[in-house]
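Good morning, and thank you for making time for this short presentation. Please look at the model on the screen while I go through it.

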Amino acid sequence: LLADSGRPADAVPVFQRALAADPNRADARRGLGNALRRAGRPADALPHLERAVAAAPDDARSRTALALT
């Protein structure tokens with residue numbers, strides 16, 4: 001929710017810790033990508049969003065986030 005509250009940079013380490021515990025979590029990968037994009041770091045966001053779509057190809061939220069990046 002930090003990413004949605006206007007503090008996306010604060011959300012980045014939270015998602016990074018979640019991915020350190022489980023690198024295959026598509027939702028955390030999408031969250032990190034979204035937080036990076038909203039923090040003005042689209043180049044950093046792109047690989048995370050691509051991996052989120054690859055891990056969960058039917059997830060419309062991940063596909064939308066990738067399209068917005």
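I begin with one helix and its surroundings. The model is a predicted one, and in it the cover over the buried residues of helix H2 includes helix H1 (8–21), helix H3 (42–55) and helix H4 (60–68). How many of the residues of H2 are buried? The count is 10 of 13, so that H2 is mostly covered under the cut-off of 20% relative accessible area. The buried residues of H2 include three alanines, Ala26, Ala28 and Ala35. Two glycines, Gly31 and Gly33, are also buried there, together with Leu32 and Leu36. Arg29, Arg30 and Asn34 complete the buried residues of this helix.

The geometry of H2 can be checked against a simple expectation. Helix H2 covers residues 26–38, and at 1.5 Å a residue its 13 residues should span 18 Å. Its end C-alpha atoms are 18 Å apart, which agrees with that expectation. Just after H2, Gly40 takes a positive phi of about 85°.

Let me now turn to two polar residues of this helix. Arg30 lies in H2. Is Arg30 buried or exposed? Arg30 counts as buried because its relative accessibility is 12%, under the 20% cut-off. Leaving aside residues up to four places away in sequence, which residues does Arg30 touch? Its contacts are Leu49, Ala52, Asp59, Arg61, Ser62 and Ala65.

Asn34 also has its place in helix H2. With a relative accessible area of 13%, Asn34 is buried. Residues up to four places away in sequence again set aside, Asn34 touches Leu49 and Ala65. Leu49 and Ala65 are likewise among the residues that Arg30 touches.

Helix H3 offers two residues for comparison. Pro47 is found in H3, and at 40% relative accessibility Pro47 counts as partly exposed. Between Pro47 and Arg30 there are 10.0 Å in space, C-alpha to C-alpha, for a separation of 17 residues in sequence. Asp44 lies in H3 as well, and Asp44 is partly exposed, with a relative accessible area of 38%. Asp44 and Leu32 are 12 residues apart in sequence, and their C-alpha atoms are 9.5 Å apart in space.

I shall now widen the view to the whole chain. What elements does the chain have? There are four helices and zero strands, and from the N terminus on the order reads α-α-α-α. The C-alpha atoms fill a box of roughly 30 × 25 × 20 Å along the principal axes. For 69 residues, a compact globule would have a radius of gyration near 11 Å, and the value of 11 Å for this chain agrees.

Buried residues account for 33% of the 69 residues in the chain. Of the contacts between residues at least 6 apart in sequence, 34% join residues at least 24 apart. The accessible surface of the chain comes to about 4100 Å², and carbon and sulfur atoms hold 53% of that surface. As for charge, the chain has 11 positive and 8 negative charges, and their mean positions are 3 Å apart.

To close, I return to the helix with which I began: H2 is mostly covered, and the residues buried in H2 include Arg30 and Asn34. Thank you for your attention.

Notes. Residues are numbered from 1 along each chain as its sequence is written. This is a predicted model: local features need pLDDT of at least 70, side-chain atom pairs count only at pLDDT 80 or more; totals for chains, interfaces and linings use all residues. Side-chain values use heavy atoms; hydrogens and water are left out. The expected span of a helix is 1.5 Å times one less than its number of residues. Buried means under 20% relative accessible area, exposed over 50%, partly exposed in between (1.4 Å probe, protein chains only). Contact means heavy atoms within 4.5 Å. The radius of gyration is taken over C-alpha atoms; the globule rule is 2.2 Å times the number of residues to the power 0.38. Accessible areas come from the Shrake-Rupley method with a 1.4 Å probe; for residues, only the protein chains shown count as cover. Lys and Arg count as positive and Asp and Glu as negative; His and the chain ends are not counted. The place of a charge is taken as NZ of Lys, CZ of Arg, CG of Asp or CD of Glu.
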